[in-house]
Amino acid sequence: MLIKKRAFNLEEGALLASGTQDRGTIAFYVAELDRISQQFLRQMIPASDPVGKAKTLFTWLWISKPDRYQSREATN
């Protein structure tokens with residue numbers, strides 16, 4: 001529907017594709033993604049190419065919030 005109207009929002013589309021259906025939840029996460037993006041742009045000099053920018057963003061996220069991910073290794 002959004003594509004037919006040529007009004008596609010990548011962030012919203014990704015959340016819909018992930019199975020998120022609640023509009024309030026989608027709005028919350030889109031706002032969070034925007035906040036993170038603005039913070040990233042203020043603190044980092046963006047790379048000129050998309051792959052370089054993605055690598056820089058991944059590194060920045062890893063350094064700024066290293067406890068975000070949990071290891072999937074089984075604990076014995």
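How many aromatic pairs does the count come to? The count comes to one aromatic pair, formed by Phe-28 and Tyr-29. The model examined here is predicted.

## Overall architecture

The secondary structure of the protein comprises three helices and zero strands. Read from the N terminus, the order of the elements is α-α-α.

Of the 76 residues in the protein, 12% are buried. The accessible surface amounts to about 6800 Å², and carbon and sulfur atoms account for 58% of that surface.

## The aromatic pair

Phe-28 and Tyr-29 adopt an edge-to-face arrangement, with 5.2 Å from centre to centre and 75° between the planes. The pair counts as edge-to-face because its angle of 75° is over the cut-off of 60 degrees.

Both rings belong to residues of intermediate accessibility. Phe-28 is partly exposed, at a relative accessible area of 47%, and Tyr-29 is likewise partly exposed, at 42%.

## Helix α1

Helix α1 covers residues 10–17. Its buried residues are Glu-12, Gly-13 and Leu-15. Around the helix axis these residues cover an arc of only 165°, and they therefore sit on the same side of α1. Helix α2 is included in what covers them.

The face turned away from this buried side carries Leu-10 and Ala-17, which are exposed. Just after α1, Gly-19 has a positive phi of about 105°.

## Salt bridges

The structure contains two salt bridges. One of them joins Arg-23 to Glu-12, with the closest N and O atoms 2.4 Å apart. This pair links distant parts of the chain, since Arg-23 belongs to helix α2 and Glu-12 to helix α1, with their positions eleven residues apart in numbering. The two partners differ in exposure class: Arg-23 is exposed, with a relative accessible area of 52%, whereas Glu-12 is buried, with a relative accessible area of 18%. Glu-12 counts as buried because its 18% is under the 20% cut-off.

The side chains of Arg-35 and Glu-32 form a salt bridge as well, at 2.9 Å from N to O. Both residues lie in helix α2, where they are three residues apart, or about one turn of the helix. An α-helix has 3.6 residues a turn, so residues three or four places apart point the same way. Arg-35 counts as partly exposed at 41% relative accessibility, and Glu-32 is partly exposed at 26%.

## Helix α3

Helix α3 spans residues 50–64 and has 15 residues. The distance from its first C-alpha to its last is 21 Å, close to the 21 Å expected at 1.5 Å a residue.

Gly-52, Trp-60 and Leu-61 are the buried residues of α3. Seen down the helix axis, they fall within an arc of 165° and so line one face of the helix. Val-51, Lys-55 and Phe-58 are exposed on the other side of α3.

## Contacts with helix α2

Which element do the buried residues of α3 pack against? They pack against α2, which covers residues 23–43. Helix α2 also belongs to what covers the buried residues of α1, and Arg-23 of α2 forms the salt bridge with Glu-12.

Notes:
Residues numbered from 1 in each chain as written. Predicted model: local features only at pLDDT ≥ 70, side-chain atom pairs only at ≥ 80, totals over all residues. Heavy atoms only, no water. Phe/Tyr/Trp six-rings, centres within 6.5 Å; stacked < 30°, edge-to-face > 60°. Buried < 20%, exposed > 50% of the residue type's maximum accessible area, 1.4 Å probe, protein only. Helix = DSSP H or I, 4+ residues; strand = E, 2+ residues; numbered from the N terminus. Expected span 1.5 Å × (residues − 1). Arc of directions from axis to C-beta. Contact = heavy atoms within 4.5 Å. Areas by Shrake-Rupley, 256 points an atom, 1.4 Å probe, with all protein chains shown as cover. Salt bridge = Lys/Arg side-chain N within 4 Å of Asp/Glu carboxyl O.
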